[in-house]
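Trainee: Could you take me through one part of this model up close? I'd like to see how the helices pack and what sits between them.

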Amino acid sequence: MARRPVRRRRSAARRARQARDNAILLGVGALAALALAVTVVTWLAHHLLVVFGALAVLLVVAVAVVRGRIAADRRAFEARAAQLRHIGVFLGMSPKAFEQALADLCRRDGCTKVTVVGGAGDLAADVLATTPGGQRILIQAKRYGPRTFVGSQDVQKVNGTYRDVHRCHLAVVVTTSTFTKAAAAFCAQVGIRMVDRRALALWAEGTGSPPWH
């Protein structure tokens, strides 16, 4: 019974020493951080020209890299657009390449916000774009052989989605083939624009109007 107060005093003394040591370590750490901050600020104050010069160099390099990428993208686009002036190029394309080619034609003729969205679940939209006049247009691409025609079911799908689903003002179906009589009649009735192989050739060559005109 006589030893318990001694143990308690020793335990209290140990906790006091530990708290004092922690306070000392914390103080030393704070002083070290303050010294480092003062050193950095002092260095920056004496080397402002060096800092600003380095920032200026980084800015120039960044601008040059961005401009280089933009120029490279522009050259690549112009090269693709130049190839698209011949209908034969379209006839040898895959369906996916055909969608990209139509997107390039839209960009060439002044469209903005051009997006290729074709694929599974595209809801009858392969290319979406905004025309130079500000109208939102949907393009359905049909890369067909000469003996495969665009049917009425194809254009009916477009009619069912281009306004309510894709919020577009205009709908265009472009094909490397042609349209059945039923499909042509339906398009004429609901206002969907048709671009068959001949109209596509004229558009690509630049001798015909884009389908939104």
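Mentor: Here is a walk through the helix packing and the cores around it.

Keep in mind that this is a predicted model. For orientation, the chain has seven helices and five strands, and along the sequence they run α-α-α-α-β-β-β-α-β-α-β-α. Of the 213 residues, 30% are buried. Among contacts with a separation of 6 or more, 53% join residues 24 or more positions apart.

Now zoom in on helix 4 (residues 95-108) and helix 7 (residues 197-205). Two packed helices are described by the angle between their axes and the distance between the axes. Here the axes come within 10 Å and cross at roughly 50 degrees. Angles under 35 degrees would count as roughly parallel and 65 to 115 as roughly perpendicular, so helix 4 and helix 7 are oblique to each other. Their crossing is left-handed. On the helix 4 side, Phe98, Leu102, Leu105, Cys106 and Arg108 make the contact, and helix 7 answers with Leu200, Trp203 and Ala204. Sort those residues by class and you get seven nonpolar, no polar and one charged.

That contact leads straight into the largest nonpolar core, which has 26 residues. Phe98, Leu102, Leu200 and Trp203 are among the residues with the most contacts inside this core, along with Phe90, Ile139 and Val174. Two or more residues each come from helix 3 (87-91), helix 4, strand 2 (127-130), strand 3 (136-142), strand 4 (170-175) and helix 7. Helix 4 gives the most, with six residues. In soluble globular proteins, nonpolar side chains tend to be buried together.

Phe90 is a good one to click on. Leaving out residues up to four places away in sequence, Phe90 touches Phe98, Ala101 and Leu105, as well as Leu200 and Ala204. The rest of its list is Leu84, Arg143 and Thr176.

There's also a second, separate core of 16 residues, and it includes Ala125, Leu128, Tyr162 and Ala183. Ala183 turns up again where helix 5 meets helix 6. Helix 5 (residues 152-161) and helix 6 (residues 181-190) pack at about 25 degrees, their axes 8 Å apart, and that angle makes helix 5 roughly parallel to helix 6. From helix 5 come Ser152, Val155, Gln156 and Asn159, facing Ala182, Ala183, Phe186, Cys187 and Val190 of helix 6. This contact has six nonpolar, three polar and no charged residues, whereas the one between helix 4 and helix 7 has no polar and one charged.

Conventions
Residues numbered from 1 in each chain as written. Predicted model: local features only at pLDDT ≥ 70, side-chain atom pairs only at ≥ 80, totals over all residues. Heavy atoms only, no water. Axes fitted to C-alpha atoms, helices over the stretch in contact; angles between N-to-C directions. Helix = DSSP H or I, 4+ residues; strand = E, 2+ residues; numbered from the N terminus. Parallel < 35°, antiparallel > 145°, perpendicular 65-115°, else oblique. Left-handed = near helix turned anticlockwise from the far one by under 90°. Contact = heavy atoms within 4.5 Å. Nonpolar A, V, L, I, M, F, W, Y, C, P; charged D, E, K, R; others polar. Core = buried A, V, L, I, M, F, W, Y, C linked by side-chain atoms within 4.5 Å. Buried < 20%, exposed > 50% of the residue type's maximum accessible area, 1.4 Å probe, protein only.
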